[in-house]
Amino acid sequence: GYHGTASDITLRMESEARYRHLAYHDTLTRLPNRRLLTDRLEQAIRSATRKGHRVALLLLDLDGFKQINDRHGHAAGDKVLEAIAESLRDAVREADTVARMGGDEFVVLLPEIDHTDDAVRVADKIHESVREPIADGEHRHAVGTSIGISLYPDHGETPDTLLHRADHAMYHGKSRGGKTTRVFDASSLN
């Protein structure tokens, strides 16, 4: 005969999977967070180096979001962020990554593009997808997006450099009224 013990580790495995998910995803929108985005961006850069294509990073900031939070409260702001996250997921390919950086900033990673125009077309699609007001009970909230674009290898070779340059381009557009798309331009650093 045999003697032994058995134990069900299902709960422990589910718990570990839940903690892993929380470590790499934003709790409100369930989008990848900065940590997972950085990992995917590093992979995309390695692939682009081997295959000779470009990677695009689009950094988005919501125009008009602060007024929604100030006027209608954080619950309304959260509903807007959740709706925007869904719109962004619908606006890009399955191979692309949409991440929330925090607050009202999002990033879209296009791991394989041929031309700058490809990234600009995606930005145009994003502007269009967030144009519809978001219903929240009796209120309808309208936001716009300011988008900054940086490209690998054109504007940098590391995730931090690409994020910084996309951020610079986005704020350059936002300072001129927002609801714009700007591709990083080194001459704007001066």
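How many aromatic pairs does the count come to by the ring-centre rule? The count comes to 0 aromatic pairs, where rings of Phe, Tyr and Trp (its six-membered ring) would pair if their centres lay within 6.5 Å.

This is a predicted model, in which local features need pLDDT of at least 70 and side-chain atom pairs count only at pLDDT 80 or more, while totals for chains, interfaces and linings use all residues. Residues are numbered from 1 along each chain as its sequence is written, and side-chain values use heavy atoms, with hydrogens and water left out.

The charged end of Arg-35 sits over the ring of Tyr-24, 5.6 Å from its centre (CZ of Arg within 6 Å of the ring centre and within 35 degrees of the ring normal).

An open sheet of 5 strands has mixed pairing and the order 2-3-1-6-7; strands are DSSP runs of E with at least two residues, helices runs of H or I with at least four, and two strands pair if DSSP finds at least two bridges between them. Its edge strands, each pairing on one side only, are listed here.

| Edge strand | Residues |
|---|---|
| Strand 2 | 97-102 |
| Strand 7 | 181-183 |

Strand 2 runs antiparallel to strand 3 (residues 105-113), and 5 bridges join them; Thr-97 has Leu-109 of strand 3 as its bridge partner. Helix 5 (residues 116-129) packs on the sheet, touching strand 1, strand 3, strand 6 and strand 7, where contact means heavy atoms within 4.5 Å.

Note on methods: Phe/Tyr/Trp six-rings, centres within 6.5 Å; stacked < 30°, edge-to-face > 60°. Axes fitted to C-alpha atoms, helices over the stretch in contact; angles between N-to-C directions.
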